[in-house]
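Here are my notes on the fold, set out as numbered points for reading beside the model.

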Amino acid sequence: MSSLKPNRSNLSASEREDSIYQVLLRVNASLQIAMDRSSIDLGDISHADPEATNRQLLVSGAQKVGVAIRELQLGSVQDIVNLVGEGFPVVIASPDGSFHVLEKVIGSKIEASEIRESATPCVLSARQLRSLIDRDSATRIFVAKKELECDSMSASNSSALGHGHHHDHPSPLRRFLSLLRLDLKDIWTLVLFALVAGILSLATPLAVESLVNVVSWGTYLQPLLVIAIMLMSFLGLSGILRVLQVVVVEMIQRRQFVRIVGDLAHRFPRAQLESLDGVYPREYANRVFDIMTIQKTTAVLLLDGVSIALTTIVGLLLLAFYHPFLLGFDIVLVISMISITWILGRGGIRTAIDESIVKYEVAHWLQDVIDSPAIFKVNGGEGFAIDRANQLASKYLDARNAQFRVVLRQVVFAIGLQVVALTAVLGLGGWLVISQQLTLGQLVASELVVTVVVGAFAKAGKSLEKFYDLMAAIDKVGHLLDIPVDPRHELGSIPDGPLPIRWDDLVFSGSTDRSEVPAATIPPGSRVAIVGDDYSGKSKLARTLAGLHSPQKGLAEVGDFEASHAAISGKGKVVAYAGGHEIFHGTIIDNVDLGRSGIGQNRIREVLQQVGLWDDVLRMPDGQQTVLQTAGKPLTRPQISQLLLARAMTASPNLLVVDGLLDELNDAKRDLAWQTIGAENAPWTLVLVTSHQELADRCDIQISVRG
């Protein structure tokens, strides 16, 4: 893919930066993010990399204000229109250095800004848009979105997470309202549709009232036909509005899924690892399945809940219009529905959350069982697996029973209220008819209205369980959104080749051990062996240099940067870490290049050859396209170590940290890998954690870490 660079020869660096800034300004305005020139200094980026493309300037500049921009390969104009309609601004970059920022869909047109030296508003039709993207094969298309779109749902100050619930977490209801606020415009549209549909639905009781009055006067066919046609028209229009409500809710559901998943996709790679102490990250991520619960329950509340509320209000207003006594009946009925439901619903959210906690405990245990055949299949643990599952199932039933008691008493009250209300309105209305204060048609219409209102309320009694499930789901997903992230840091200009390393006296403390590492300064290009009998301390030192661990005391630096900043913001080009046996479900190529730009097939083949894995890959049925499971299968443990070495070497980092992997290779494979990672002309400074003295003796410096 060719780089996106302007071809106007008279475009100076400052003019180019101004154009990019105008693009980012329009993108941020579309995403409703405040921004000023001081928050995005493109000059720093250009100074660090004078050959930076417009794409790099766009991506780097956007990251400074929490916006993710990525390039798209879209098949049609409709794809672009759909993205813009979903609230994602699209940037079209032409080879001549001009840009179009597509911001909003209005009917069949798209509101946009054309940016050359400055931003000019314009409106594009589908034909103009197609002409724009088909003008030149070098035209590039980018889509922008907030990195952490659901930040408003997360806790403002959370330093530790666990399976419990802490006082500093927002309430589920508060989180839910924050989520709805992101779609407030569509929700108001939904309410408007529901209000009009609710008013039109009154055509039924009014038509019945007119019909009763007509029949009481005698048999007339023409008024009957007129009433029937009018009723069909009103109900038909009401039906159309309800269909539109379904469409709007579907769009909200899609946005919720994309918004939350997108937030977590940006949050998880930057998660502060200390915040995950005491939890198993893979199991913790299972809470993402509650996104579907949020989607479906939100749809029910927005469709049925809003419709029931508005229909109730409009219907009760109609009763109040018939007679003042019916107005008093309205007031008593509404107060009864709200107050008693609120009182009887105490504990509903808490018990639903408790039920959800046990649900995930069951899932976690079953995951452990199926992932540990040596324990439960070979070593006789089957009975223990069953007993633990039965205990958790019993615990779930207890939690479920506590939650169901809340739901049951609300259902009983709703049904009881339905019986009392229908009887009361019939008796009150009959007395008013006998007293000639109400017509027979108005009595029938009143009975119909109350039947609809309290019938919907009785049905909603069981639906309250969905609300409690929603609150529990919001609570679970909210805890994922509470995971704090490491901030991005601009590293500025990074020199090529190996970087020096230094650290103060470092102290690492765990639950059962304490390690101390004396201060050291490592010259660039050195090969350093971390040895000693304190395996935990050695690994913590390596992970500290890789930005994966924070010492209790002391500071480590890579070059002129704090080690954690260099590791996290360098994207594998400043610091690379090989250790931990982390393999994700994907092809061998995916696990080596990680989607990083500038890494081609030749480089992947080269590093696989250097670690001695290439021949093994070729013998696999699908070669480099072989799909690896999360645990690394079908690779053996030594092959996984070789793959991790290749992954770390691929970007030719300034600092390469190898945490014990060479110890797992046989002599031949170890010697082959050492020829590359320990070469005198290697482009990195090497830090090698090892228990092999023969390997340590090959290094220039040995640092001992002892417990």
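The points below go from the whole chain to two of its sheets and the helices that pack on them.

1. The coordinates are those of a predicted model, and everything that follows should be read in that light. The protein chain holds 24 helices and 19 strands, and of its 707 residues 47% count as buried.

2. Among contacts between residues at least 6 apart in sequence, 75% join residues that are at least 24 apart. The accessible surface of the chain comes to about 34,400 Å², and 59% of this surface belongs to carbon and sulfur atoms.

3. One open sheet has 6 strands in the order 1-6-2-3-4-5, with antiparallel pairing. Strand 1 (67–72) and strand 5 (119–124) are at its edges, and because each has a single partner strand, one side of each is left without a neighbour in the sheet. Direction ignored, neighbouring strands of this sheet are turned against each other by 25 degrees on average.

4. Within that sheet, strand 3 (residues 99–106) and strand 4 (residues 109–115) run antiparallel and are joined by 7 bridges. A pair that can be located by eye is histidine 100, which stands opposite glutamate 114 in strand 4.

5. Two helices pack on this sheet, and they can be taken in turn. Helix 4 (residues 77–85) touches strand 1, strand 2 (90–93), strand 3, strand 4 and strand 6 (140–146), and its direction makes about 70 degrees with that of strand 3. Helix 5 (residues 126–133) touches strand 2, strand 3, strand 4, strand 5 and strand 6, with a direction at about 120 degrees to that of strand 5.

6. Another open sheet has 5 strands in the order 14-17-18-11-19, and here the pairing is parallel. Its edge strands, strand 14 (575–578) and strand 19 (701–704), each pair on one side only. The average turn between neighbouring strands of this sheet, direction ignored, is 15 degrees.

7. Strand 14 pairs in the parallel sense with strand 17 (residues 655–659) over 4 bridges, and alanine 578 stands opposite valine 658 in strand 17.

8. Which strands of the parallel sheet does helix 17 touch? Helix 17 (residues 535–545) packs on the sheet against strand 11 (527–531), strand 14, strand 17 and strand 18 (685–689), and its direction makes about 150 degrees with that of strand 17. Helix 23 (residues 667–677), for its part, lies across strand 11, strand 17 and strand 18, and runs at about 150 degrees to strand 18.

Conventions: Residues are numbered from 1 along each chain as its sequence is written. This is a predicted model: local features need pLDDT of at least 70, side-chain atom pairs count only at pLDDT 80 or more; totals for chains, interfaces and linings use all residues. Side-chain values use heavy atoms; hydrogens and water are left out. Two strands pair if DSSP finds at least two bridges between them. Axes are lines fitted to C-alpha atoms, for helices over the stretch in contact, and angles run from 0 to 180 degrees between N-to-C directions. Contact means heavy atoms within 4.5 Å. Buried means under 20% relative accessible area, exposed over 50%, partly exposed in between (1.4 Å probe, protein chains only). Accessible areas come from the Shrake-Rupley method with a 1.4 Å probe; for residues, only the protein chains shown count as cover.
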